[in-house]
Amino acid sequence: MLRDPKSLVKPVDPNNSKLQNEYNKQIEEKKSRATRHIFLIRHGQYNLNGETDEERKLTELGRRQALLTGERLSLLNYPWTSITQSTMTRAMETCSLIQKHLPANLPLYSSDLLREGAPVPPDPPNKHWKPELYQFYRDGARIEAAFRKFIHRAPPEQKENSYEIIVCHGNVIRYFVMRTLQLTPEAWLRLGIDHASITALSIYPNGRASLRSFSNSGFMPPDAISS
């Protein structure tokens, strides 16, 4: 799971000792030696009445939530490695406000793969949320691709532990959590997640992963919490 070194090296005949020695050497070179700490941030509350992505901007409360989350990340005082944002308006606004509390030279990346969508048909079905079936086919492959791109053990050339921030969306985060923990992905909609909350995953060199926190919004005053 999560980029096992054996999946990165072409198998050889185990009876050929010369080739087997070279294979073992390549496996060793592909092993991860650092831990990735990934902080998944949901965007703040936004205008649900907007018809286009550009109109679905953060509300006043959503902007306040994003600033509170940025302050919280700053207080954690980790040596932040990077921040990556979804290219949807509400995520980019949230990311921009979070950055006000983080080092100015923190590398910023953007990815269309992280945009909101419908990962897989939920089980059980939700009577209040019934997207067209085609949306699962369209979004599911993309969100799975995002999982494979962003949630994996550290590459072998990474020598130090990393602390990475990803600002994206509720459905994406819930799907990532289920896939990381090797739980049934169809259960993703059973998880509730607050606006601008922090979900933290750690992926260790041996490929094991742990959920350090999920939808943490306890650092906000009660009147700032929404979902």
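## Reading a pocket and some rings

Author: Let's start with alanine 141, which counts as exposed because its relative accessibility is 53% (over 50% is exposed, under 20% buried, partly exposed in between, with a 1.4 Å probe on protein chains only).

Reader: What kind of model is this?

Author: This is a predicted model, where local features need pLDDT of at least 70, side-chain atom pairs count only at pLDDT 80 or more, and totals for chains, interfaces and linings use all residues. Residues are numbered from 1 along each chain as its sequence is written, and side-chain values use heavy atoms, leaving out hydrogens and water.

Reader: How should I read aromatic pairs, and how many are there?

Author: Rings of Phe, Tyr and Trp (its six-membered ring) pair if their centres lie within 6.5 Å; planes under 30 degrees apart are stacked, over 60 edge-to-face, the rest tilted. A search of the whole structure turns up five such pairs. Take phenylalanine 39 and tryptophan 80: their ring centres are 5.0 Å apart with planes at 80°, so they're edge-to-face. The two residues sit 41 residues apart along the chain.

Reader: Are those two residues buried or exposed?

Author: Phenylalanine 39 is buried, at 7% relative accessibility, and tryptophan 80 is buried too, with 12%. Ring pairs also join Phe39, Tyr78, Trp80 and Tyr163 into a cluster.

Reader: And which ring does arginine 90 lie over?

Author: A charge sits over a ring if NZ of Lys or CZ of Arg is within 6 Å of the ring centre and within 35 degrees of the ring normal. Arginine 90 lies over the face of tyrosine 46, 4.1 Å from the ring centre.

Technical notes: Helix = DSSP H or I, 4+ residues; strand = E, 2+ residues; numbered from the N terminus.
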